[in-house]
Structure formats: structure tokens, C-alpha cells
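Hi everyone, thanks for making time. I'd like to walk you through one structure today, so let me put it on the screen.

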Amino acid sequence: MATTHLWHNARLATLADDTGWGLVEHGALLVQDDRLLWVGALDDMPAALRAQAGAQHDLGGALVTPGLVDCHTHLVYGGQRAGEFEMRLQGLDYAEIARSGGGIRSTVAATRACGDAELLAGARRRAQVLMAEGVTTLEIKSGYGLSLLDESRCLSIARQLGAELPLTVRTTYLGAHAIPPEFDGRADDYITAVCAWMPALHAAGLVDAVDAFCENIGFSPAQTRRVFVAARALGLPVKLHAEQLSDQDGAALAAEFGALSCDHLEYLSDAGVDAMRVAGTVAVLLPGAYYFLRETQLPPVAELRAQQVPIALASDHNPGSSPGLSLLLMANMACTLFRMTPLEAVLGITAHGARALGLTDRGRLVAGLRADFAVWDLEHPNELAYWFGHNPCRRVVAGGIERTA
Ligand code: DI6
Ligand code: FE
């Protein structure tokens, strides 16, 4: 029988609900297998439960939070786009570069040219940076392959990372990210192909959700709808890159399909907020992309808050619009740039991030949920959104097991 572990002498920020930090002094976590068996102040733990603890770990009064969830990344790709960054600094705009065949397409070429081992090594390196900062659940999208073979390779590499690293990986099929060169001028035909590949990718166990880039420089709402219809036929949940550069009414379309999340949302309208509220769709804000593209249109945080649409935050790590690898920096930028509160920001990288992936078994320190937690060299959880540029994470337990470096 597996040992039951008692983690004690901690200051817990349980985030048990959305109303506060859920601070518990002299806190303890009893962990059995990959689950939290009991959470609270050590003195309140029933003696019978305490007697079950086979191993004890003294946390020395450190702060403990749920493990972090990065619910939107494009981690698997080849090459980099520092040259494009320089071009943008000289005045070219992201959309112009995309229209002239650069942007996502240049990363597609670099990804296709990369062998599996090289792609895996790059994605693993990036995942390890996120993990060192307390990430225990990571979403990875495809979208730089754009052929059945290359989308399948990228999704398989994401799955492989989940199998070899101590973290949960959720995969999202983003075939509808851009039009590959072989479908130039034939967007509708490409969408037909994206839909036709979906059953095979799903049958291979490679797809947890389906996403699309609904934008002037991406796909139209009508094309996005076709992707969603194909996903629904397979019982797959959908997400959407919506209203990043313009208002396409993408959020309302996604909400109609019960989307788990709509992501970016700088140009989201009141009607879009309302549709998301009704559908229970999570708003995933991506301050890294906002910052790196020097966007000035702010996502409607006050409106989302007023309508009680849950807000998540993610790194959107990708080589074009958000090459950062720090979820804590995203929390900080959500406060400074988007005027979110530190509590909202921390919920955004824990419980609400989990919800954006359809995961209800994590993101809070509550008995019955997964034993995913991070130990910090901090006094109060509001510091998670305060410091930036250094890593205060000291230990991480994922699925009940402590990670070793
Ligand atoms: N929006 C984004 O910010 C990323 N994808 C998307 O649809 C950027 C992708 C890239 O520029 O490579
Ligand atoms: Fe993205």
C-alpha cells in the first residue's frame, strides 16, 4: 500500500472558493496517492487521520498554494522569430508580417523542417522552465504543423512530454491556426482538411480540445463554425482565439458551442461578454501577447468582472507574439497592465486556469482534489503577483509526488 504523506507547518493559501485567499496558518495537507485526503490547520486534523501518516514533511512555515496551471501555450515549434521582432520594432506590424508570408507561416516552415527529437527537446526545455516556477498542469496546442503528419507529430510530442515529465499535459488541436502554403488562396478547402484530419487525430488519442484562430488574418466566423461542428460531432470541447486583433463576434460563436474558454479578448464586445457569461465560458487573458505586440486596446476586465465571467491567465508561449516562459510575470502584468487584483491574478493561474481546460479536480487546495501544490519562499500569496524576474518557487508536489530537479 502506498504511503500516506503529511505535509505540515505551512501557511496554506487554499483558494477554496473565489472570495479570498483561504489562508490557513499552521496548515497541513494529508496526501494519499495522487489526492488530497485532508486540508486544514494541523490542530484540527482528526487523530485517526493523522495516525495514517506514514511520512512527515516539515515545510518550515513556508507558503503553499495550488500548483500553477498554464492553460494556453504553443510550446511545440521549431526555430524562433527574433528577426521579426526587430522588424516590428522598426515599424512593421504583426498583421502585415503575417500577410506577407512571415509570422505563423515562418514557424510552420521551421517546425516542418525539425526532426521529432529536436522538436521534443525544445518543448521539453520550455516545459521545464515553466515547471520550475510551480506549473503542474500545462496545455499545449498544435498549430505549427498544419498538415496531418505534422499536426500529428506536434500533438504526439506534447503527449510524450506529459508521459515523461511529472506534470499533466492537455493537448489542443489548432489546425485552424493559419493557412499553410499548399492551400494558398483556398481557405475553405484548408478548413475541409482540418475537419477531415480531426477524427484520425482524436482516434489516436491526441486531442483533448479543439481551437481555432478567428481573425481577419486567420479564419472567418463561418470557417470557425465548421471546425466547431466537426469537434462537436466527435464530442470534443472547443476553445477559441477570439477578438485578439479585431471584433469578429468570435466569443459569441464559441459560446454557442459551449466553449471551455475564449482567449485573448482585447476587442471583446459587451454582447460577447454576455454570451460567455450565459455559456459559462472562461475568459483567458494573455498579457504576454498584449505586451509583446504593444497592443493598446485593453481587454474588458471591468465588464468581465461585473458579469462574473471567470478570468484565467496564461503565458500564450509562442515564438511570435509571446516568447515568455513565466506565469508569475503574467500575473504581475495582469495587475499592472489590466488592473486585475493580485487575488484575481492568482486565481487566474490556478483554479480558473484549470476550469479553462475543463478540469475540476485541481487548482484549489481542497480535500478530494489532486495533490498538486507549490511551496514558495514568500510570506503572503499576494507576493506571487508582486515580484517579477526571479523565481521564489522552492518545492513542487505533482500528483502526490515531490519533484526532484
Ligand atoms: N494568436 C497568437 O497570439 C498566437 N497565435 C494566435 O493565433 C501567435 C502565433 C504566432 O505568431 O506564431
Ligand atoms: Fe495563442
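How many bridges join E9 to strand E10? Four, and the two strands run parallel, with E10 covering residues 261-264. A quick word on the setup: this is a predicted model, where local features need pLDDT of at least 70 and side-chain atom pairs count only at pLDDT 80 or more, while totals for chains, interfaces and linings use all residues. Residues are numbered from 1 along each chain as its sequence is written, chains are lettered from A and ligands numbered from 1 in the order in which they are written, and side-chain values use heavy atoms, leaving out hydrogens and water.

Strands here are DSSP runs of E, at least two residues, numbered from the N terminus, and two of them pair if DSSP finds at least two bridges between them. Within that first pair, Lys239 sits opposite Ser261 of E10. Zooming out, the order E9-E10-E11-E12 gives an open sheet of four strands with parallel pairing. Its edges are E9 (239-242) and E12 (311-313), each pairing on one side only. From one strand to the next, the twist averages 25 degrees, with axes being lines fitted to C-alpha atoms and angles running from 0 to 180 degrees between N-to-C directions.

Now, the cysteines. The whole structure has zero disulfides, meaning pairs of cysteine sulfur atoms within 2.5 Å. Cys71 has no bond because its closest cysteine sulfur, in Cys262, is 12 Å away, which is too far. Cys71 is also buried (under 20% relative accessible area, 1.4 Å probe, protein chains only), at 0%. Cys393 is in no disulfide either: the nearest cysteine sulfur, that of Cys71, is 19 Å away. With 10% relative accessibility, Cys393 counts as buried too.

How values were computed
Buried < 20%, exposed > 50% of the residue type's maximum accessible area, 1.4 Å probe, protein only.
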